[in-house]
Amino acid sequence: MVITPVHYIVAPLIAAFAIPLLTKIHKDAARIVPGIVLFYNVVISFFLMNHIAEHGMISETLAGWEAPWGINLVVTPFTGFLATMVSILGFIIWLYGYRFKRTLKGGEVKFYEILQMMMIAGSIGIIITGDIFNMFVFIEIVGISAFSLTAFYRSRDGAEAGFKYLLIGGFASAFLLLGILIIYTQTGTLNMAQIAERMPEVPQQMKIIALVFFLVALGIEAEMFPLNGWAPDAYSQAPSPTSATFAAVVSVAGVYALIRVVFTMFDVEGVNNYLMVMGFVTMLIAEIAAISQKNLKRMLAYSSIGQVGLILISFGIGSNLAVFGALFLMLNHSVIKSLLFMAGSYFIYNTDDKRITALNGIHKKLPIVSFFFALGSLAIIGFPPFSGFWSKFYILISAANEKYIFLIIGILLVTIIELTYYLRVVGRIYFAKEEEGEPASHRPSINALVAMSSLALFIIVIGVYPDLIMPHIQNAADALLDKTNYIQQILSVKN
Amino acid sequence: MLKKLIVFLLIATLGYTLAVTLSSIPIGKNRIGSIENPETVAAYYLDKSPNDLKVANTITAVVVNFRGFDTLGEVSVLFLAATGLASILYRKEEEEEEENIRHISHRLNLPSSSLVQTGAKILFPLIIVLGIYVFIHGHLTPGGGFQGGAIIATGFLLMLVSYKGFETNHKVMVWLESLAGLGFVGVGVFGLVKYGSFLQNTGWTGNLNDLISGGLIPLIYIFVGIKVATELTNILDILLNIKPRKK
Amino acid sequence: MMDFQTLFEQNIEIITIAVYGTAIALIVIGLYAVLMKKHLVKIVIGLSIMDAGIHLLFVAVGYISGGTAPIFSPGSENAATTMVDPVPQALVLTAIVIGFAVTALALSLVIRLYKHHHTANIDQLNSLKW
């Protein structure tokens, strides 16, 4: 095999270390090199997905030590699916942000590019690693980049949002370390498959305390209630491509980490119900908060938290169909929310005002961007025939199968709330009277248009032909739920 | 008042939970198990480090080889922190003039006494040599790249606080920083290309307790040492000078 | 003359309480500082204290009664059975460096905030809602 999963991490690292030198040779290197690297990650993804379709899952050993002794990188249909999704979106976000970077000065472009690229690479690292401490390291890589990018504009609010994010992130890493400490003393290993294998021997009390530490720590990363106060601030203060990355990439990695730990490592009864309840509360509170937002990006951020809540609910239901729905929703959420952030940031760019009220009649100035925003709004609410419809549909069916009536009512209620606040914005864009007739000063550039239309195309095509993607998601869901196979495949070398 | 109560309850809960948990993790108990038939990673490492890798310091073997990928991540965390720091404290030129007036007292303005200056001048080379010693002997004695790098950075810190005009050579720093990072990844890629596993050590490992032993492990630790030293010095330099980096 | 191992085993309760007590105290004090202190730098210090407590815990659970540092010196090539657990020490090394990186970044943000607000009191920074 020529391409191995470690390329996902090595290529961005080489680029990150080399960019300070390359900028001395050519001043545009800092902008172009990350694009090449992120495109290479897409190539790796397709290669690996083909490979595992033919030969089964990959567990790559690092430093020549077989799992569980060394660190291993695991690509199953589940992790491969997420890694593919993240790398494609990472590349599209780079493409979108290419123009944005021209507005920055030389030194800043370099910093921005390195941080942004490493945030995406770190997220892929969280997804493919098979070692719990290695996951901690990648979470910190993502965290450090995210804190810096939140404060990147060096505005007053940016620094405040960054500091708040950093404090909560500091808690998360402290609790994660405590969880790892307890697990290490009980099992004597750090490999997630082996921990899962030895978990039945761990005393119940230890197991639950460790699980609580992990849930608090990873709940922060996954934007779960009640420790998601950082998210709206960070989303609204970060540069726009970074906001899109938070929604499309970082939150996916956070949810993945939570699910991997809860589903694979631990075997505690009742944690599913916990996920369901917390997901429900997260969703309800976030969606209600979204209605009262005056700032467009904050509204989108609360909507993201709401979506994450729904994803957690359906992981909590735990049936195969529900997990399928959850993964489908993760995909849809990433794609649609990136599109909304991308389109929304052009509104903000032109009106120079983050408030929703500034959007009155903007469709005459920016017809294409307005169209994309409206499309994304309809898709995320779940109108057929857009892709968002199918994920919500399957989640509702799975809830009905398990007879969770209150969940169905809750999800439908939340859909009505979403309908209200998204259509309010779309209504302003299309039907409100515009204030001035000045033409738009910043029209979207070609690369941003390509990025947005590829996402819009995906939303429509998957909405009409969901069969194109459904087998992959089904494989991913099966791989996630088949814990025994995961453990056996990774530890097979040892036995 | 309510906030105080909630915080108190939170702290009490955390303290109590930790106390209860730790009471069933006895201190000093052997949790490693047998070295010959390793069940835990610790036993495996204690067995393989002297016998296969020929690295006397097991912690170095764990940090650089068994869990070398973590260390690569750790080095990049440091690198990202320096990048983030620079991006947060970077200033546009127009801002600079105004801020210079307002924050004139940012650096210690009084010159340090000649006692401190002379002392720093004498200590500086010694500190650098000690740091280099520590990271070159990382596989034999306690210490290694991180510790050595930190020692070197303290040397630079001493110079930065003692001499007002002291400046590190940014060009050299940028080159060292990048090349050390690339060197670490390069060693990893060498293993990937030659043996098919990233960061894999060479078959030739020498004798236990020799200075040149352990295959590529000392080389990696030298790269880590240089990287950490430059990175920490950069961070100190940015924080003390609060100036945009020289281009 | 008692050797260290017997001394340790005779006083294991006191040592346990001292070491774990210190670690828990550090974690709790750090948490208190982060949640209750008003000064931004004190909050950052609190975060570091919390990290220090956790690092102490890591090293403590890795200790084995009578164990030596996991370094094979000449003449003790087969001493693996009398060594302490090397893994927590390696993990702590990683955790310390990461903690350092977070602290450095936090301080840079404090500098930024101070420049904008001309104060380091957290009560006066409320342009964003919690």
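# Contacts, a helix crossing and a core

Trainee: How do you know that 43 residues of chain B are in contact with 45 residues of chain C?

Mentor: Two residues are in contact if their C-beta atoms, placed from the backbone, lie within 7 Å; by that rule 43 residues of chain B meet 45 of chain C. The model is predicted: local features need pLDDT of at least 70, side-chain atom pairs count only at pLDDT 80 or more, and totals for chains, interfaces and linings use all residues. Residues are numbered from 1 along each chain as its sequence is written, while chains are lettered from A and ligands numbered from 1 in the order in which they are written.

Trainee: Which helix gives the largest share of the side of chain B that touches chain C?

Mentor: H4(B) does, with 10 residues. Helices here are DSSP runs (H or I, at least four residues), numbered from the N terminus.

Trainee: What makes 30 residues on that side of chain B nonpolar?

Mentor: Ala, Val, Leu, Ile, Met, Phe, Trp, Tyr, Cys and Pro count as nonpolar, Asp, Glu, Lys and Arg as charged, and the others, Gly among them, as polar. The remaining residues of that side are eight polar and five charged.

Trainee: What is the class make-up of the contact of H13(A) with H14(A)?

Mentor: That contact has 11 nonpolar, two polar and no charged residues. A:Gly344 of H13(A) and A:Gly376 of H14(A) are among its members.

Trainee: Which residues does C:Leu105 touch?

Mentor: Not counting residues up to four places away in sequence, C:Leu105 touches A:Ile144, A:Phe147, A:Ser148, A:Leu166, B:Ala81, B:Gly84 and B:Leu85.

Technical notes
Helices (H or I, at least four residues) and strands (E, at least two) are DSSP runs, numbered from the N terminus.
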